Amino acid sequence: PGMADYVIAKHGLLGVVKAAAAEYPWLRTGFVAPGFTETAMLKAFDERYLEQARASQRFSTADEVAAEILACVRGA
C-alpha cells in the first residue's frame, strides 16, 4: 500500500526514455532501474517481507546507484 504512485512514475519514466530514444536517435538516453535500495523508503514495507527479500537478493546502497548513474552519464 502507498507505493502505486512510485511504481507508476518509475515505469512511466522508462516509457518516456524509450520513446525519446526511438524518436530522436541522435539523443543519448539511459535508464537506471535498481531493485531495492537501502533508503528510508523501505520503511513502507513490513520488516518480515524485507527479511525474506534480503535473503534472496542483494539490496543496493544509494552510493552504488549514484555510481551507476554517473557511469551512464560518462559513457562507461
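These legends accompany close-up views of a predicted model.

**View 1. The largest pocket and its lining.**
Welcome to the largest pocket, which has a volume of about 250 Å³. Its lining includes Met3, Tyr6, Val7 and Lys10. Pro34, Gly35, Phe36, Thr37 and Thr39 also line the largest pocket, together with Met41, Leu42 and Phe45. Sorted by class, the lining has eight nonpolar, three polar and one charged residues. Several of these residues return in the views below.

**View 2. Met3, in the segment before H1.**
Met3, one of the residues lining the largest pocket, is placed in the segment before H1. Is Met3 buried or exposed? Met3 counts as buried because its relative accessibility is 17%, and the limit for buried is under 20%. Leaving out residues up to four places away in sequence, Met3 touches Met41, Ala44 and Phe45. Met41 and Phe45 also appear in the lining of the largest pocket. For a sense of scale, Met3 and Gly75 are 72 residues apart in sequence, and their C-alpha atoms lie 32 Å apart in space.

**View 3. The second largest pocket.**
This pocket holds about 170 Å³ of space. Which residues line the second largest pocket? They are Arg28, Thr29, Gly30, Phe31 and Val32, along with Ile69, Cys72 and Val73. By class, this lining has five nonpolar, two polar and one charged residues.

**View 4. The largest nonpolar core, with Leu42 among its members.**
Five residues make up the largest nonpolar core: Phe36, Leu42, Leu50, Ala53 and Phe59. Phe36 and Leu42 also line the largest pocket. Setting aside neighbours within four places in sequence, Leu42 is in contact with three other members of the core, namely Phe36, Leu50 and Phe59. Thr37 and Arg54 complete the contacts of Leu42 counted in this way.

**View 5. Thr37 and Ser60, from two loops.**
Where is Thr37 found? Thr37 sits in the loop between helix H1 (4-23) and helix H2 (47-56), while Ser60 belongs to the loop between H2 and helix H3 (62-74). Thr37 counts as buried because its relative accessibility is 15%, and Ser60 counts as buried because its value is 17%. Not counting residues up to four places away in sequence, Thr37 touches Leu42, Ser60, Thr61, Ala62 and Val65. By that rule, Ser60 touches Pro34, Phe36, Thr37, Glu38 and Val65. Val65 is thus touched by Thr37 and by Ser60.

**View 6. Salt bridges on the model.**
Side chains of opposite charge can pair when their charged atoms come close. How many salt bridges does the model have? The count comes to four salt bridges. In one of them, the side chains of Arg48 and Asp46 meet at 2.7 Å, N to O. Arg48 counts as exposed because its relative accessibility is 60%, whereas Asp46 is partly exposed at 38%. Arg58 forms another salt bridge with Glu64, and here the closest N and O atoms are 2.3 Å apart. Arg58 is exposed, with a relative accessible area of 58%, and Glu64 is partly exposed at 32%.

**View 7. The salt-bridge network of Glu38, Glu47 and Arg54.**
A network of salt bridges links Glu38, Glu47 and Arg54. Arg54 pairs with Glu47, with the closest N and O atoms 3.4 Å apart. Arg54 is partly exposed, with a relative accessible area of 34%, and Glu47 counts as partly exposed at 44%. There are links to earlier views too: Arg54 is in contact with Leu42, and Glu38 is touched by Ser60.

**View 8. Ile8 and Ala22, two residues of helix H1.**
Ile8 is found in helix H1, and so is Ala22. Are they buried or exposed? Ile8 counts as exposed at 59% relative accessibility, and Ala22 is exposed with a relative accessible area of 62%. The C-alpha atoms of Ile8 and Phe36 are separated by 16 Å, with their positions 28 residues apart along the chain. Ala22 and Ser56 are 34 residues apart along the chain, and their C-alpha atoms are separated by 35 Å.

Methods:
Residues are numbered from 1 along each chain as its sequence is written. This is a predicted model: local features need pLDDT of at least 70, side-chain atom pairs count only at pLDDT 80 or more; totals for chains, interfaces and linings use all residues. Side-chain values use heavy atoms; hydrogens and water are left out. On a 1 Å grid over the protein atoms alone, a cavity is a set of points where a 1.4 Å probe fits but cannot get out, and a pocket is an open set with protein on both sides within 12 Å along at least five of seven lines; lining residues have an atom within 4 Å of a point. Grid points are joined across faces, edges and corners, and a volume is the space filled by probe spheres set on the points. Ala, Val, Leu, Ile, Met, Phe, Trp, Tyr, Cys and Pro count as nonpolar, Asp, Glu, Lys and Arg as charged, and the others, Gly among them, as polar. Buried means under 20% relative accessible area, exposed over 50%, partly exposed in between (1.4 Å probe, protein chains only). A nonpolar core is a set of buried Ala, Val, Leu, Ile, Met, Phe, Trp, Tyr and Cys residues joined through side-chain atoms within 4.5 Å. Contact means heavy atoms within 4.5 Å. Helices (H or I, at least four residues) and strands (E, at least two) are DSSP runs, numbered from the N terminus.
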